[in-house]
Structures are given as C-alpha cells and as structure tokens.
Amino acid sequence: FAALLLQTSLLLNPLRLEADPPELRSARCLLLPYQGAEDCPPAETRSHADTTAFAHDLALRLRAGASFVAAAEQYSTMSNARTGGVLGTFPPHVLAPELDAFLFAAVPGAISDPIDSPRGVLLLERADGAVSCVSATSASPEPCSSSFWESASITGSVSFEPRAVCQ
C-alpha cells in the first residue's frame, strides 16, 4: 500500500532536483509526406526532393506572415492538422534533439527550417505561450486528443513520443 501511495504522490507531484520548475515551450507542427515515407498516403506523388523544396518555400511564406494554422490544415497529414498543428507544450529534453534545439532557441512565432523524418518533412512554429486547439475555419477552440503522435523518429534514429495536451 505504501508503494502505491508513493507512486501516486510522485505522479501528482513529480520529484525535481531543481528549485524552479523547468522552462516550457509550445509548438505547432506540420508534416509534409513524400512518396516512400512511412505511412504515406497512397495518392502522394511528390518525391523527397520535391517535398523538401516545397517545405522550404512554405517556410518562407510562413516567415513572411502566412498563417501556420491554415497551412497545417491545408497541407499537413498529421492527425492534429484540423486543429492548426498544435503539438503541445514541452519542457527541455522531451522531444528529439533537433526539435528541442529549435524550440528552446527560437523566439515566439519563429518557423523552423524543414526537418527530415521517416514520415515526411516537418515544419515547426514556436508558439507564444500555451497553444490552443483552434481551427483556422472555426472561431472557437476545439477539443483534441491527448496524444498527437504515437511515435515518430527523426533522421539519425532518434525517437520521441510526445504526449501533447492542449491547454
């Protein structure tokens, strides 16, 4: 019984060695598939090179002010596309190193360069504060699932399993 109480206590109040809680960063993400990528839609005809070139062009448009929410809804094949690509809010060292490095170095609103993954090419947006699940076509927040990616891996066999919760 004592072990169960200790497990419950640590779950509700995680043990931290630092005096301050960790910094948190929020992100939106979109996935652009290419022919031959894992879980690629059968109708996808773009090559990896064409998808990467499109991702570079899309990143430029997003940096020039295009809506990331609308881009995610239009182009992303992730399950969170209809909620604007909300990935979640994370402390350091939870995501793959490439994603973590961007997220903790970028200013709010920054757009990543394209990032290769086995499932396609990713673009991230560093969100300002906690992100809501809001659709570009909807005026009100929508509920979203507790996990957007069951698992994903980035080139170099680094894996991560974020469990993003919309706030």
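Helix α3 lies across strands β1 and β4, and its direction makes an angle of about 35 degrees with β1. The model described here is predicted. Helix α2 also packs on the strands: it lies across β1, β3 and β4, running at about 15 degrees to β4.

**The sheet**

Four strands form an open, antiparallel sheet in the order β2-β1-β4-β3. β2 (86-90) and β3 stand at its edges with a single partner strand each, so one side of each is left without a neighbour in the sheet. From one strand to the next, the twist averages 35 degrees. β3 and β4 are joined in the antiparallel sense over three bridges, and I115 has L122 of β4 as its bridge partner.

**Helix α2**

Helix α2 comprises 16 residues, 48-63, and reaches 22 Å from its first C-alpha to its last, close to the 22 Å expected at 1.5 Å a residue. Its buried residues are T51, T52, F54, A55, L58, A59 and L62. Viewed down the axis of α2, these buried residues fall within an arc of 160 degrees, so they line one face of the helix. The elements that cover them include β1 (25-32), α3 (68-75), β3 (115-117) and β4 (120-127). On the other side of α2, A49 and L60 are exposed. Just after the helix, G65 adopts a positive phi of about 120 degrees.

**Salt bridges**

Side chains of opposite charge can pair when their charged atoms come close. In the whole structure, a search finds six salt bridges; three of them are listed below with the N to O distance.

| Pair | N to O distance |
|---|---|
| R28 and E125 | 3.7 Å |
| E44 and R46 | 3.4 Å |
| R61 and D57 | 3.2 Å |

The salt bridge between R28 and E125 connects two strands: R28 lies in β1 and E125 in β4, so the pair ties together parts that are 97 residues apart in sequence. Both R28 and E125 are buried.

In the pair formed by E44 and R46, the relative accessible area of E44 is 16%, so this residue counts as buried under the 20% limit. R46, with a relative accessible area of 23%, is partly exposed.

R61 and D57 both belong to helix α2, where they are four residues apart, about one turn of the helix. R61 is partly exposed, with a relative accessible area of 35%, and D57 is likewise partly exposed, with a value of 36%.

Technical notes
Residues are numbered from 1 along each chain as its sequence is written. This is a predicted model: local features need pLDDT of at least 70, side-chain atom pairs count only at pLDDT 80 or more; totals for chains, interfaces and linings use all residues. Side-chain values use heavy atoms; hydrogens and water are left out. The expected span of a helix is 1.5 Å times one less than its number of residues. Buried means under 20% relative accessible area, exposed over 50%, partly exposed in between (1.4 Å probe, protein chains only). The arc is that of the directions from the helix axis to the C-beta atoms. Contact means heavy atoms within 4.5 Å. Two strands pair if DSSP finds at least two bridges between them. Axes are lines fitted to C-alpha atoms, for helices over the stretch in contact, and angles run from 0 to 180 degrees between N-to-C directions. A salt bridge is a side-chain nitrogen of Lys or Arg within 4 Å of a carboxyl oxygen of Asp or Glu.
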